[in-house]
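Hi,

Here is the structure I said I would pass on. Could you have a look at it before we next talk? My notes on what turned up follow below.

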There are 2 protein chains.
Amino acid sequence: MQIHISPHDGVPIYQQVVNQIKYLVASGRLAAGEELPAIRVLAEQLLVNPNTVARAYRELETAGIVEKRRTAGTYVSDQGSPLARRERVKILTGRIDALLAEARHMDVALEEIVKLVQQRHAAMQSTRNEE
Amino acid sequence: MQIHISPHDGVPIYQQVVNQIKYLVASGRLAAGEELPAIRVLAEQLLVNPNTVARAYRELETAGIVEKRRTAGTYVSDQGSPLARRERVKILTGRIDALLAEARHMDVALEEIVKLVQQRHAAMQSTRNEE
DNA sequence: ACATTTGTATTAACTCAATAATACAACTGG
DNA sequence: CCAGTTGTATTATTGAGTTAATACAAATGT
């Protein structure tokens, strides 16, 4: 599994792992039911402590992305499951709340936010370069 | 000026000050041109070190909310100015980009994001309790 | 003029999240 | 059955960010 980390990128290593695995799953490069590398294996590959990978896997499990089978390994869970989806929406809702609170502080109207969302989405569609 | 802080609320004191002053300005309770309390005065009122307030004021200046006149005090800047507004929109645009990137990772459609934004905004309108 | 008030700068202490070191517990599967 | 592999738990270290202590610089305004 191709995962690359930047140890001093400001964003925590465990978070980088979470993000990349989320992406691999969302893009279908990691299919439902597929087994992830063992914690120690990925830790050795990334040159980090197993605990760091363990934390990433724990968060992924909480988010409903993977399932851990105690001593049998970690597997990509069924993404279409309502639980997984509900969890995703919950996370996004939190982000949106923060965004709206900030917009209100800045005295920017809801309509404008909606407009910006659509505008930015369109921009991302065309320039498929950076992540 | 009514500012209240919760020293152990997780969110840094200087950030709390920034947020509250932003809110006071956005809501018009601090008018453009009005003078803010001197750094030391507010620091004493809040029982914190002057540096903490100084940092808050510095961030507010960077955000275009206030202007500092070296030895003459700190004043609310003209919020209606296109520059200040452009800056605000720029910040929000960054937030939105991050949100959309995350939504894409999570395989949640744009339409749903727009729906959530409106939904959450409505929710915030009704329950006027928490910030 | 110059005492006072303004914001600024530097350094140190503290706090907390992230990571590592190490040891543990439990199931698999030959 | 038991050696090897899985995830787990506990504690220590590190490092970045926040706050404080203290001293500085500059302009006001009477």
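Let's start with the layout of one chain. The domain assignment splits chain A into domain 1, residues 13–76, and domain 2, residues 82–126. Going by C-alpha atoms, the centres of these two domains of chain A are 27 Å apart. Please keep in mind that this is a predicted model.

Chain A contains five helices and two strands, and along the sequence they come in the order α-α-α-β-β-α-α. If you box up the C-alpha atoms of chain A along the principal axes, you get roughly 50 × 35 × 30 Å. Of the 131 residues in chain A, 22% are buried. As for contacts in chain A with a separation of 6 or more, 48% are between residues 24 or more positions apart.

Now the two protein chains together. Chain A can be superposed on chain B by a rotation of 180 degrees with 0.0 Å of shift along the axis, and the RMSD is 0.7 Å. The two copies are thus related as by a two-fold rotation axis. If you want to find that axis on screen, go to Val114(A): its C-alpha is at 3.1 Å, the closest to the rotation axis of any residue of chain A.

Which residues do the two chains use to touch each other? The contact involves 27 residues of chain A and 28 residues of chain B. On the chain A side, α1, α4 (82–105) and α5 (110–126) each give at least two residues, and α4(A) has the largest share with 13 residues. Sorted by class, that side of chain A has 17 nonpolar, three polar and seven charged residues. The copies meet through the same surface, because 96% of the interface residues of chain A are interface residues in chain B as well.

Since α4(A) turns up so prominently there, with the largest share of that side of chain A, here is a bit more on it. This helix has 24 residues and spans 34 Å from first C-alpha to last, close to the 34 Å expected at 1.5 Å a residue. Its buried residues are Arg88(A), Leu92(A), Ile96(A), Leu99(A), Ala103(A) and His105(A). What lies over them? The cover for the buried residues of α4(A) includes α5 of chain A, along with α1, α4 and α5 of chain B.

On to the DNA, one strand at a time.

Strand C has 23 residues around it, and the nearest are Pro12(A), Ile13(A), Val48(A), Asn49(A) and Ala38(B). Two or more residues of this surface come from each of α1 (13–26) and α3 of chain A, and α2 (39–46) and α3 of chain B. The largest share is from α3(B), which gives four residues. By class, the surface near DNA strand C has ten nonpolar, eight polar and five charged residues.

Strand D has 24 residues around it, and here the nearest are Ala38(A), Pro12(B), Ile13(B), Val48(B) and Asn49(B). The elements that each supply at least two residues to the surface near DNA strand D are α2 (39–46) and α3 (50–62) of chain A, plus α1 (13–26) and α3 (50–62) of chain B. That surface divides into ten nonpolar, eight polar and six charged residues.

Last, a few backbone oddities to click on. Most residues other than glycine have a negative phi. Arg70(A) is not a glycine, yet its phi is positive, near 35 degrees. You will find Arg70(A) in the loop between β1 (66–68) and β2 (74–76) of chain A. Is Arg70(A) buried or exposed? Arg70(A) counts as exposed, because it has 6 C-beta neighbours inside 10 Å, and the cut-off for exposed is 12 or fewer.

Asp107(B) also has a positive phi, about 60 degrees, without being a glycine. Asp107(B) sits in the loop between α4 (82–105) and α5 (110–126) of chain B. With 15 other C-beta atoms within 10 Å, Asp107(B) is partly exposed. Over in chain A, Asp107(A) takes a positive phi of about 60 degrees just after α4(A).

Cheers

Methods:
Residues numbered from 1 in each chain as written. Chains lettered and ligands numbered in written order. Predicted model: local features only at pLDDT ≥ 70, side-chain atom pairs only at ≥ 80, totals over all residues. Domains from an automatic or database assignment. Buried ≥ 20, exposed ≤ 12 C-beta atoms within 10 Å, placed from the backbone. Contact = placed C-beta atoms within 7 Å. Near = placed C-beta within 6 Å. Nonpolar A, V, L, I, M, F, W, Y, C, P; charged D, E, K, R; others polar. Least-squares fit on C-alpha atoms with pLDDT ≥ 70 in both. Expected span 1.5 Å × (residues − 1).
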